[in-house]
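Student: I have a structure open and would like to talk through how its helices pack. Can we start with the vocabulary?

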Amino acid sequence: MRRPRLTRSLLVAMLGLASTVAGAAVPGQRILRPGESASVPVPSAESGAARPRAAPDARWRGPATAGHHGVQAATGSVHPNRDGIAAAAWPSVVERRLAALQRELNREPLTREETPRAPGQGDDAALSRRLGAVLASRPAGTRVGVRVQSLASRKVVFDRNGDTTLHPASNQKLVTAVAAVELLGARYRFRTEVRATADTLFVVGTGDPSLQIVDLERLIRRALAAHDGREIRRIVLDDSAFSPRRFGPGYPTSGPAHSYAAPSSALALAFNTVEIEVRPSRHQARPVARTRPGCGGVKIVNRARSGRGGPLDIRSGVVDGQTRVTVRGTLPPGHAPVVARRRVHDPLAFFGACVARLAAEQTDGPAIPIDRGVAPQHAQLLAAHISAPLHEVLASALRFSNNFTSEQVLRTLAWRATGRPGTFADGVATVAAFWRTIGGDPAELQLDNGSGLSRTSRTTARALVRILALTQRPGAPSDTLREVMAVPGEDGTLRRRLRRLGPRLHAKTGTITGVSALSGIVTDPNGRDALAFSILVNGGRARDSRRLQDRMVLAMARHLEVSSSPPASKASSNTRVDAAPPTRPPSTASHPPTRHD
């Protein structure tokens with residue numbers, strides 16, 4: 001049955017689309033210097049880092065020596081990106097992309113056969129029997145939903161409770177990522193600007209989840225150089241692209257304040273977290289504790305003792321509006337440093353403290369007062385930091401399961417689709433509209449936030465396989481996401497799982513208490529055929545659930561190995577099947593090992 005036509009009135013009713021939006025993404029990952037055009041595409045820098053780690057503190061340099069180049073900076077908030085999309089046009093762009101996607105899928109459905117053949121029928125009978133046998137040994141007390149679909153034929157080859165709604169944990173990040181890349185574009189980039197009016201600087205954020213202290217240091221340095229030594233009386237932080245709410249639905253607001261539950265903000269730095277390092281001291285009664293980035297905004301209360309005893313307990317909280325980290329416990333002399341990452345409670349206070357220190361160090365002057373507000377339309381552009389493309393930024397969510405990145409992207413999607421400051425509710429509504437557009441049953445997708453960090457989120461294995469199949473159609477913007485998913489044996493959440501499959505498997509893990517999920521794409525050795533799968537397990541122990549998932553994926557891989565000789569039948573014209581497993585690009589962002597996958 002064909003889906004109803006997506007009219008403007010229907011989309012407005014679903015999303016409450018407004019007519020304007022502030023800011024726009026532009027290409028190029030770097031700082032724009034005065035005199036350079038923001039519309040000229042530039043290559044993104046490549047990171048040689050092989051392991052996820054926190055960005056180091058910036059080296060506090062003196063004032064920049066570069067002179068003012070006389071740039072005629074664009075004013076206001078309308079900045080076309082590489083595709084010529086102005087800020088106010090974004091709601092209409094999202095509307096058109098939803099309508100185009102619906103027309104495409106009306107012509108070429110993602111699935112040819114909703115019900116798989118019965119065991120014993122067709123070429124996939126052996127795989128169906130093997131998967132059924134593995135599933136029969138599932139851990140007691142678990143509820144399992146499984147769906148497997150051939151991407152070459154678009155036929156479902158195995159399904160057990162695939163339409164049962166279960167908790168997806170971080171597999172929900174797949175839905176958020178695919179919706180964002182399809183509607184914003186894989187080359188969408190986040191922009192952090194510094195603007196000026198007379199004696200005031202404005203730092204304007206658009207939700208970049210990847211901004212690190214070294215990026216901010218470079219941005220401030222070049223903005224001050226462009227300001228040409230004029231007096232600065234205050235710096236104003238503008239995070240009006242997002243609503244004031246910081247924590248998403250389902251996020252814990254008490255406890256040790258782990259980094260996986262970091263707050264969201266349009267101006268964000270270091271994933272809105274700090275790294276706390278505690279080192280033993282030979283000459284003091286207490287170990288030495290410090291934070292990174294070390295630019296203020298966070299107070300350490302060090303109550304740890306040198307000696308033997310219980311482990312260190314590191315918690316962050318808020319006192320009088322300031323993030324306070326309390327360290328308790330004991331650390332023996334000679335012990336290796338202990339490092340923990342905790343969230344900050346007021347992202348703007350943290351961001352502002354870093355901006356103030358960077359500006360003071362670079363001007364050799366006193367600290368400049370920091371305020372909060374909105375940049376006026378006539379403020380002159382001094383410098384801008386441009387993030388990596390959206391699909392690369394999403395590597396921290398898909399490969400390392402960073403919750404913060406998913407929430408930032410969800411709220412950015414809400415901001416662009418509605419023209420209002422991005423909220424969690426508008427983000428969820430936009431993803432739901434996307435899901436209905438691609439033919440999904442609304443009952444199969446129940447979201448609270450963008451990451452899956454919630455006890456009430458639900459979806460089905462069938463829904464996740466549908467999302468994966470969508471990414472593999474020819475020319476799909478979300479096709480780029482496969483290369484930034486986790487791969488066995490490489491950095492990410494599959495580093496210690498299914499190593500013999502290597503780049504034949506690209507998948508997203510998901511784990512919270514009582515939930516384990518694995519969804520992805522596995523290819524034959526030649527990359528000519530591929531299976532999309534989702535295995536959701538609710539209940540039981542995570543170790544047992546992962547063992548079940550791994551056995552099922554290995555069974556799929558063996559089936560593809562056998563069927564790849566002779567070569568698999570030619571693929572459907574609707575589905576891209578690589579000639580070889582895709583090459584993973586080097587990552588351009590830091591991905592801290594702070595996940596709740």
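Tutor: A crossing of two helices is called left-handed if the near helix is turned anticlockwise from the far one by less than a right angle, and right-handed if it is turned clockwise. Please keep in mind that this is a predicted model.

Student: OK, so which hand is the crossing of α4 and α11?

Tutor: The crossing of α4 and α11 is left-handed, and the axes of α4 (residues 172–184) and α11 (residues 461–471) come within 10 Å and cross at roughly 35°.

Student: Which residues meet there?

Tutor: From α4, Leu174, Val175, Val178 and Glu182 meet Leu464, Ile467, Leu468, Leu470 and Thr471 of α11. By class, that contact has seven nonpolar residues, one polar residue and one charged residue.

Student: Switching to α12, what span should its 22 residues have?

Tutor: Helix α12 (residues 542–563) should span 32 Å at 1.5 Å a residue, and its end C-alpha atoms are 32 Å apart, which agrees.

Student: And what do the buried residues of α12 pack against?

Tutor: The buried residues of α12, including Leu548, Met552, Val553 and Leu560, pack against helix α3 (125–136) and the strands β2 (143–150), β3 (156–160), β19 (505–512), β20 (515–523) and β21 (530–538).

Student: Zooming out, how many helices and strands are there in the protein chain?

Tutor: The protein chain comes to twelve helices and 21 strands, and buried residues make up 58% of its 597 residues. Among its contacts with a separation of 6 or more, 75% are between residues 24 or more positions apart.

Terms used. Residues are numbered from 1 along each chain as its sequence is written. This is a predicted model: local features need pLDDT of at least 70, side-chain atom pairs count only at pLDDT 80 or more; totals for chains, interfaces and linings use all residues. Side-chain values use heavy atoms; hydrogens and water are left out. Helices (H or I, at least four residues) and strands (E, at least two) are DSSP runs, numbered from the N terminus. Buried means under 20% relative accessible area, exposed over 50%, partly exposed in between (1.4 Å probe, protein chains only). Contact means heavy atoms within 4.5 Å. Axes are lines fitted to C-alpha atoms, for helices over the stretch in contact, and angles run from 0 to 180 degrees between N-to-C directions. Ala, Val, Leu, Ile, Met, Phe, Trp, Tyr, Cys and Pro count as nonpolar, Asp, Glu, Lys and Arg as charged, and the others, Gly among them, as polar. The expected span of a helix is 1.5 Å times one less than its number of residues.
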